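Dear colleague,

I am handing over the structure we spoke about, and below it I describe what was found. Please keep it open beside the text as you read.

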Amino acid sequence: NKLERFAEINEMPNVLQYPPNMKGRWAEHFGNANAITLELACGKGEYTVGLAEMYTDRNFIGVDLKGNRIWVGAKKALKDKLKNAAFLRTHIDMIAEYFAPQEVAEIWITFPDPHLRNSKAKKRLTHPIFLRKYQKILQKNGLIHLKTDSPNLYAFTKLVIDLYGLNLLTDEADVYGNPEMPKELTAIQTHYEKMDIARSNKVHYLCFQINKELPEELDVELKNKVFELFASAEDRATIEKDFSQK
């Protein structure tokens with residue numbers, strides 16, 4: 001099935017795989033100059049497709065490395081004739097290679113791998129290493145949306161926002177417990193959201209802006225704070241796991 005899907009996405013007009021010279025040319029691809037929203041680590045593209053259905057006057061691009069997952073969203077977008085939905089197959093750490101400065105209006109990060117080990121913190125998609133890449137392509141007041149069931153990733157991202165002095169617009173610890181949440185937060189669910197891998201029974205949401213430079217010297221302080229705040233919980237989880245296996 002994977003080989004069949006890889007072969008098929010090669011022919012899909014709404015899937016671009018490592019496309020060269022795309023900076024500043026996405027309006028050509030879509031045939032309009034509407035605002036662009038990215039879904040990073042989009043998986044099967046539930047948010048890319050769902051948002052494209054909701055907001056026909058905007059363009060949406062799902063970004064992921066795994067072509068067999070992208071195939072699912074791209075197939076549905078073609079079936080439903082969503083001309084404002086596209087998919088970019090590439091590494092997320094290369095995202096600034098495909099968009100010009102201020103070409104992107106918003107970024108959605110939906111249920112990414114939380115990389116729970118503190119030693120893997122730099123791989124979290126809300127780590128300053130990634131935020132600096134997003135800042136290169138986001139409009140001045142561009143938004144970043146994080147939706148996750150991981151309490152650790154939620155707390156880590158709040159720590160980043162606070163430490164670097166970013167502009168936090170919305171902080172919701174329990175999306176489905178708040179009836180006033182906008183429809184895009186409750187009407188669209190990803191594959192991983194339905195699985196509730198973290199077994200937290202809660203979905204967390206943050207919306208913020210990268211409204212200033214992110215000094216690299218603060219990265220060391222962030223690392224120290226991460227171990228200070230999260231090490232004990234991580235140690236307890238490890239101990240409990242070891243105990244249960246004995």
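The accessible surface of the protein chain comes to about 13100 Å², and carbon and sulfur atoms account for 50% of that area. Please bear in mind that this is a predicted model, and that the values that follow were computed from it.

As for the residues inside, 48% of the 246 residues in the protein chain are buried, where buried means under 20% relative accessible area. The chain contains nine helices and eight strands. Its radius of gyration is 18 Å, close to the 18 Å that the globule rule gives for 246 residues, so the chain is as compact as a globular protein of that length. Along its principal axes, the C-alpha trace spans about 50 × 45 × 35 Å. When the contacts with a separation of 6 or more are considered, 80% of them are between residues 24 or more positions apart.

The charges of the protein chain can be described in a similar way: there are 35 positive and 34 negative charges, and their mean positions lie 4 Å apart.

One strand deserves a careful look, namely β6, which covers residues 138–148. Of its 11 residues, eight are buried, so strand β6 is largely enclosed by the rest of the structure. Strand β5, residues 104–110, runs parallel to β6, and six bridges join the two. If you would like a place to find this pairing in the model, look at Trp108, whose bridge partner in β6 is His145.

With best wishes

Definitions and conventions
Residues are numbered from 1 along each chain as its sequence is written. This is a predicted model: local features need pLDDT of at least 70, side-chain atom pairs count only at pLDDT 80 or more; totals for chains, interfaces and linings use all residues. Side-chain values use heavy atoms; hydrogens and water are left out. Helices (H or I, at least four residues) and strands (E, at least two) are DSSP runs, numbered from the N terminus. The radius of gyration is taken over C-alpha atoms; the globule rule is 2.2 Å times the number of residues to the power 0.38. Buried means under 20% relative accessible area, exposed over 50%, partly exposed in between (1.4 Å probe, protein chains only). Contact means heavy atoms within 4.5 Å. Accessible areas come from the Shrake-Rupley method with a 1.4 Å probe; for residues, only the protein chains shown count as cover. Lys and Arg count as positive and Asp and Glu as negative; His and the chain ends are not counted. The place of a charge is taken as NZ of Lys, CZ of Arg, CG of Asp or CD of Glu. Two strands pair if DSSP finds at least two bridges between them.
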